[in-house]
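Q: Could you take me through one part of this protein close up? I'd like to hear about a single helix and its surroundings, then the cysteines and one of the pockets.

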Amino acid sequence: MTEHEYMAAAIRLARKGLYSTHPNPRVGCVLVKEGQIIGEGWHQKAGGPHAEIHALQQAGERARGATAYVTLEPCSHHGRTPPCAEALVEAGVARVVVAMEDPNPAVAGSGLTRLVKAGIKVESGLLEAQARELNPGFIKRMEKGLPWVRVKLAMSLDGRTAMASGESQWITHEASRQDVQRLRARSSAILTGIGTVIADDPSMNLRLSGEELGLAFEPSQPLRVIIDSQLKCPQDAKMLGLPGRTIIFTATDDTEQCSHEQLQVISLPGEDGRVDLRAVMQWLAEHEINEVHVEAGSVLCGSLLEAELVDEIVLYMAPHLMGDQARGLFHLPELERMNQRIGLEIKDIRPIAKDWRITAWPKRRLIEEL
């Protein structure tokens with residue numbers, strides 16, 4: 001095997017933690033000696049051993065003189081667990097190849113420095129782009145103080161998300177809805193607006209078991225987040241009776257009018273009596289939310305897009321037509337000219353049973369005039 005193949009193997013291991021490492025990053029490690037893999041590990045759950053520790057435990061004494069391929073710089077600080085850089089030094093590893101440095105200011109190169117000071121050969125940058133794809137939320141939170149925001153939408157072939165009456169169940173097929181559950185599972189929080197809560201009374205929870213996700217334990221429920229400017233959330237909303245926490249962000253100061261055992265109400269007023277959406281994302285990042293999964297109506301989705309807070313759009317397209325009176329994807333009333341179009345970079349298109357899933361990233365600025 002080549003060095004690229006060893007790091008690719010570490011990346012595949014890291015992906016096993018896709019649904020369970022929050023708020024930590026997904027990390028994989030492969031130990032190699034004399035052309036043979038002697039230890040493998042991946043970070044399984046926050047508070048548990050890191051990838052390097054699992055690999056070292058598997059390798060035992062054979063780790064002395066080995067090369068470690070790690071998808072993220074080994075930590076050098078004491079958090080929930082001891083520093084992995086120190087464990088690699090104590091195990092006698094001779095060389096460490098990392099895909100990328102840790103964007104966490106608490107690490108930020110210090111792990112590699114510790115290894116170099118111990119006489120270990122260090123290399124960085126192998127398959128870095130692929131490694132960054134593992135942890136978009138963790139990286140963005142560390143670098144920009146914001147979570148990665150993923151907007152999920154379902155539409156008909158003519159771009160409609162609901163009938164004029166609001167009826168929307170179900171646009172897509174069961175396979176697509178199961179796929180959405182996996183998007184929920186990888187997210188730290190699920191966000192919606194009060195309009196959706198009142199119209200649909202959604203559960204906003206994860207409905208896949210640990211076994212269905214390939215885990216040896218049950219995953220935690222993502223934080224539920226409601227944008228509710230005037231604090232209209234019904235006290236008997238279904239999600240308030242389900243396991244897990246719910247937070248309402250409102251623009252009113254009278255937060256005591258809505259109280260529930262599993263509910264927290266936070267006032268973050270912005271302009272025009274609305275919630276300050278950027279402040280919401282900053283608050284979530286400060287509270288270790290890496291990825292935010294949005295399932296909301298066209299108004300809130302449009303507001304997030306206008307505020308340039310959307311990093312990714314996952315669009316499920318079903319093979320039917322709903323007519324020109326049905327509702328659209330995004331409410332964007334300020335877009336009046338062709339040069340105001342919001343550009344999208346298509347990252348992936350694939351079939352999900354009878355539907356199609358399109359993954360796109362909004363471009364950070366409007367398209368220039370043709």
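A: Here is a walk through one helix, a pair of cysteines and a pocket.

Keep in mind that this is a predicted model. Let's start with helix α10, which covers residues 298-306. Its buried residues are Leu-300, Cys-301, Gly-302, Leu-304 and Leu-305. What packs over them? The cover includes the strands β6 (148-156), β7 (189-193), β8 (223-227), β11 (291-294) and β14 (355-362), along with helix α9 (277-286). Just past the end of α10, Glu-308 has a positive phi of about 55 degrees.

Now for the cysteines: searching the whole structure turns up 0 disulfides. Cys-75 is in none, and the nearest cysteine sulfur to its own belongs to Cys-84, 3.8 Å away. Why no bond there? From the side of Cys-84, that 3.8 Å to the sulfur of Cys-75 is simply too far for one, since a disulfide here needs the two sulfurs within 2.5 Å. Both residues are tucked away: Cys-75 is buried at a relative accessible area of 8%, and Cys-84 is buried at 1%.

Two of the strands covering α10, β6 and β14, turn up again at the second largest pocket, where each gives two or more residues to the lining. That pocket has a volume of about 1100 Å³. Among its 34 lining residues, Glu-133, Pro-136, Trp-148, Glu-312 and Trp-361 sit closest to the centre. Other elements giving two or more residues include α5 (128-134), α6 (136-144) and α7 (174-185). By class, the lining has 18 charged, 13 nonpolar and 3 polar residues.

Definitions and conventions:
Residues are numbered from 1 along each chain as its sequence is written. This is a predicted model: local features need pLDDT of at least 70, side-chain atom pairs count only at pLDDT 80 or more; totals for chains, interfaces and linings use all residues. Side-chain values use heavy atoms; hydrogens and water are left out. Buried means under 20% relative accessible area, exposed over 50%, partly exposed in between (1.4 Å probe, protein chains only). Helices (H or I, at least four residues) and strands (E, at least two) are DSSP runs, numbered from the N terminus. Contact means heavy atoms within 4.5 Å. On a 1 Å grid over the protein atoms alone, a cavity is a set of points where a 1.4 Å probe fits but cannot get out, and a pocket is an open set with protein on both sides within 12 Å along at least five of seven lines; lining residues have an atom within 4 Å of a point. Grid points are joined across faces, edges and corners, and a volume is the space filled by probe spheres set on the points. Ala, Val, Leu, Ile, Met, Phe, Trp, Tyr, Cys and Pro count as nonpolar, Asp, Glu, Lys and Arg as charged, and the others, Gly among them, as polar.
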